[in-house]
Amino acid sequence: MARRTLAFFVCSPHSRTGVTTAARLLTDYYLSRNVGVEGFDTDFREPLYAVFFPEATHIVDLSEIKGQMSLFDRLLVADETPKIVDVWHRSYERLFATIAEIGFLEEARRRGVEPIVLFQTDVTESAANSALVLKTTWPDLTMSVIHNRGASPLGRDSLAILARYPASGKFVIPRLEAPIARALDDVDLSLSRFMREPPPGMSIVVRAALKAWLLPIFTQFQSFELRLELQSSEWLR
């Protein structure tokens, strides 16, 4: 039997929580393993995710029927290619309202597609409440949280804040020092290629720091993927 096709929704109802960073890292994780990815950038005004992956990403405007069709019709294709949706905070409500209206989650599972929400955490109660609404609406929805310590630090109450989220797993993206973080702003820097062959002109200090940052993140994604495969195997028995 064919493997399930994974459809990731990387999202937050708030800005500056690290959504695009997480979508980029997940995309580069797959590309580093020579796995093709199809991406969708819902920020049609300033589509940064699409800038990083111009050949693999579609820009969609969810305020229009045409944009909704181009997103959801592709997400329902069970071709074993991971689909990654960078959900702009201004598209958040429209996205999940459309998912409910068209019965997307139910249709996806009938077609062998597994929707997964990667919810970005922040210190506000409204973010955790939004995650709770999703889980209450769709109890079987696979949801994990991503705590980006650089984009959206949670401070001393991080454990209590994370406990508010009804998620089955957690990813941590460590904070980077500013000089190292600036290297990530280079749209020509492919993190997947960097893992195989760093740019020759890159500082050895930056190179070492980026590798030390990336490896644990990619390991977390790999562990998550393996858990999903085990769950799928148990379900098929």
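**Exercises on the Empty Spaces of a Predicted Model**

Helix H10 gives the most to the lining of the largest cavity, with four residues. The structure under study is a predicted model.

**Exercise 1.** Determine which elements line the largest cavity and what classes of residue are found there.

*Solution.* Step 1: the structure holds one cavity of 30 Å³ or more, and the volume of the largest cavity is about 50 Å³. Step 2: besides H10 (204-236), both strand S1 (5-11) and helix H1 supply at least two lining residues each. Step 3: the lining includes Leu6, Phe8, Tyr29, Phe221 and Glu225. Step 4: sorted by class, this lining has 10 nonpolar residues, one charged residue and no polar ones.

**Exercise 2.** Describe the largest pocket by its volume, its lining and the helix with the largest share.

*Solution.* Step 1: the largest pocket holds about 1,100 Å³ of space. Step 2: its lining comprises 37 residues, and those nearest the centre are Arg16, Gly18, Thr20, Thr21 and Leu48. Step 3: at least two lining residues come from each of H1 (19-32), H2 (48-52) and H8 (178-184); H1 has the largest share, with four. Step 4: by class, 15 are nonpolar, 10 polar and 12 charged.

**Exercise 3.** Explain why Arg24 is counted as having no salt bridge, and find a backbone oxygen that lies by its side chain.

*Solution.* Step 1: Arg24 belongs to helix H1 and is buried. Step 2: the nearest side chain of opposite charge, Asp28, is 4.1 Å away. Step 3: a salt bridge requires the charged atoms to lie within 4 Å, so this pair does not qualify. Step 4: the backbone oxygen of Leu184 lies 2.7 Å from a polar atom of the Arg24 side chain.

Terms used:
Residues numbered from 1 in each chain as written. Predicted model: local features only at pLDDT ≥ 70, side-chain atom pairs only at ≥ 80, totals over all residues. Heavy atoms only, no water. 1 Å grid on protein atoms, 1.4 Å probe; cavity = no way out; pocket = protein on both sides within 12 Å on 5 of 7 lines; lining within 4 Å. Points joined across faces, edges and corners; volume = space filled by probe spheres on them. Nonpolar A, V, L, I, M, F, W, Y, C, P; charged D, E, K, R; others polar. Buried < 20%, exposed > 50% of the residue type's maximum accessible area, 1.4 Å probe, protein only. Lys, Arg positive; Asp, Glu negative; His and termini not counted. Polar contact = N/O pair within 3.5 Å; in protein donor to acceptor, adjacent residues only side chain to side chain.
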